[in-house]
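Trainee: I would like a close look at one part of this model, namely how its interior is packed. Please take it step by step.

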Amino acid sequence: MAKPFSYAFYHSAAWARARESALIRDNHLCQRCLKAGEITPATMVHHIQELTPDNINDPNITCGLDNLVSLCDRCHKITHGWARDGATRQGLAFDDNGNLICLNE
Ligand SMILES: [Zn+2]
Ligand SMILES: [Zn+2]
């Protein structure tokens, strides 16, 4: 299986730095839960404008803090619509690190 177009980016030092900056800004808390008054540790950083083959080389999109938000696993799946639809028939999806994940917990 071919690696997703974003695989190299998610393994870059630039992303590691941007991800850490977003987590620090968000106090390592899920921002979606926070809006609902819940305190949940963030487990990942999500791109608000999703990465595509067209914008993967645009640093403002890939690493701009305005495009990043810290989320917990559950909120991340809801944000992507995975929790509702399931990404594939097998219940699998690519997470924001380019890894294949199982959605059937
Ligand atoms: Zn959350
Ligand atoms: Zn995401």
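Which residues make up the largest nonpolar core?

Mentor: This is a predicted model, and what follows is computed from it. The largest nonpolar core has twelve residues: Phe9, Tyr10, Trp15, Ala18, Ala22, Leu23, Ala42, Val45, Leu51, Ile56, Ile61 and Leu68. Helix 1 (7-10) and helix 2 (13-25) each contribute at least two of the residues in this core. Helix 2 gives the largest share, four residues. Apart from this core lies another, made of seven residues, including Cys33, Val69, Cys72 and Cys75.

Some background on the chain helps to place these groups. The protein chain contains six helices and four strands. Read from the N terminus, the order of its elements is α-α-α-β-α-β-α-α-β-β. Of the 105 residues in the chain, 42% are buried. Among contacts with a separation of 6 or more, 57% join residues 24 or more positions apart.

Tyr10 is a useful residue to follow outward from the largest core, of which Tyr10 is a member. Beyond its neighbours within four places in sequence, Tyr10 is in contact with Trp15, His47, Leu51, Asp96, Asn97 and Gly98. Two of these partners, Trp15 and Leu51, also belong to the twelve-residue core.

Tyr10 also leads to the largest pocket, which holds about 220 Å³ of space. Its lining has 14 residues, and those closest to its centre are Ser6, Tyr10, Glu50, Leu51 and Asp96. By character, the lining comprises six nonpolar, five polar and three charged residues. Tyr10 and Leu51 are thus named both among the residues closest to the pocket centre and in the largest core.

Back in the seven-residue core, the cysteines deserve a separate check. Cys33 counts as buried because its relative accessibility is 5%, under the 20% cut-off. Cys72 has a relative accessible area of 7%, so Cys72 is buried as well. A disulfide is a covalent bond between the sulfur atoms of two cysteines. A search of the whole structure finds zero disulfides.

Cys75, another member of that core, sits in helix 5 (residues 73-80), where Cys75, His76, Lys77 and His80 are buried. After helix 5 comes Gly81, with a positive phi near 80 degrees.

Key
Residues numbered from 1 in each chain as written. Chains lettered and ligands numbered in written order. Predicted model: local features only at pLDDT ≥ 70, side-chain atom pairs only at ≥ 80, totals over all residues. Heavy atoms only, no water. Core = buried A, V, L, I, M, F, W, Y, C linked by side-chain atoms within 4.5 Å. Buried < 20%, exposed > 50% of the residue type's maximum accessible area, 1.4 Å probe, protein only. Contact = heavy atoms within 4.5 Å. 1 Å grid on protein atoms, 1.4 Å probe; cavity = no way out; pocket = protein on both sides within 12 Å on 5 of 7 lines; lining within 4 Å. Points joined across faces, edges and corners; volume = space filled by probe spheres on them. Nonpolar A, V, L, I, M, F, W, Y, C, P; charged D, E, K, R; others polar. Disulfide = S-S within 2.5 Å.
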